[in-house]
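Got your viewer open? Here is a short tour with three stops, each with something to select.

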Amino acid sequence: MPETYTHGHTAAVLSSHRWRTAQNSAAYLLDSLEHGQDLLDVGCGPGTITLDLAARVAPGRVVGIDAATVVVAAAARLAEEVRAPNVTFATGDAYSLDFPDGSFDVVHAHQLLQHLADPVAALREMRRVLRTGGILGARDSDYAAFAWAPADPLLDRWLELYHEVTRRNGGEADAGRYLLGWANAAGFREVRTSSSTWTFAEPDSREWWGGLWADRVRDSSFADQAKSYGLTSAGELDQLAGAWRRWAAHRDGSFAVLHGEVLARG
């Protein structure tokens, strides 16, 4: 079946996406950027990372694409607000990029490949639009490597359910560990891997992260899909939301989100 975006675009999801910056989500790529480079951001979401990257390559041309018109519109509004004349946003398909061969010096994809049924095909398309020697930067989570405390069997169940839903949607929740193999299969050269984390342990960050997921497990595309696939019930999702809120309120609560990263040459 064709892949389906697991998270959707509820307020809780978009709050998480808008929090992302080049510094907290693309630090591994920043040393490779230069003023004047043309950059494509595939799966740009609401555009916060895109605009940060654009400032680093200005006056180079930057294009952000996403399959969801609602986030493309939000990204375009943000670009107008911050006055970023070198940036444009448009709807687009990662499997069929609407650009000639060799159009960009840099192609960036953050948290995209985990949602695709054929990530290698998407990477081949990204390589096609890169100029010779151009740079790919891709970063994806590895859900199976997430670590948290205190232990809670309900959070274990949340992780199990998340894997079940993403498999039904055609995605790979543990994409971070596969990026090297996917980039090699897509024909990239000089592939280098790294990893980094987001860590939520301070009271404010716990409240934010735990609250986001409490909302997402009850009121998001993930919740709707999990119920429609017969994988859970509204009652169980209420329990999972409660577990997230208990974790957020615990003074010893800590949550580490692991990401795999690749830098490669086209």
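Begin at Glu 202, which sits in the loop between strand 7 (189–200) and helix 9 (203–216); helices (H or I, at least four residues) and strands (E, at least two) are DSSP runs, numbered from the N terminus. A word on the numbering and model: residues count from 1 along each chain as its sequence is written, and this is a predicted model, where local features need pLDDT of at least 70, side-chain atom pairs count only at pLDDT 80 or more, and totals for chains, interfaces and linings use all residues. Side-chain values use heavy atoms, leaving out hydrogens and water.

Glu 202 is exposed, at 57% relative accessible area (buried is under 20%, exposed over 50%, partly exposed in between, with a 1.4 Å probe and protein chains only). Add Ala 248 to your selection: its C-alpha is 9.5 Å from that of Glu 202, with their positions 46 residues apart in sequence.

Next, select Arg 245 in helix 11 (residues 234–249). Arg 245 is partly exposed, with 45% relative accessible area. Leaving aside residues up to four places away in sequence, Arg 245 touches Gly 211, Ala 214 and Asp 215 (contact means heavy atoms within 4.5 Å). For a long view, show Ser 96, whose C-alpha is 41 Å from that of Arg 245.

Finally, go to Glu 261 in strand 8 (residues 254–265). Is Glu 261 buried or exposed? Glu 261 is buried, at 5% relative accessibility. Its side chain makes polar contacts with the side chains of Arg 139 at 3.1 Å and Ser 196 at 2.3 Å (a pair of N or O atoms within 3.5 Å; within protein, one must be able to donate a hydrogen and the other to accept it, and residues adjacent in sequence count only if both atoms are side-chain atoms). Other residues to show around Glu 261 include Tyr 28, Leu 179 and Arg 192, which Glu 261 touches.
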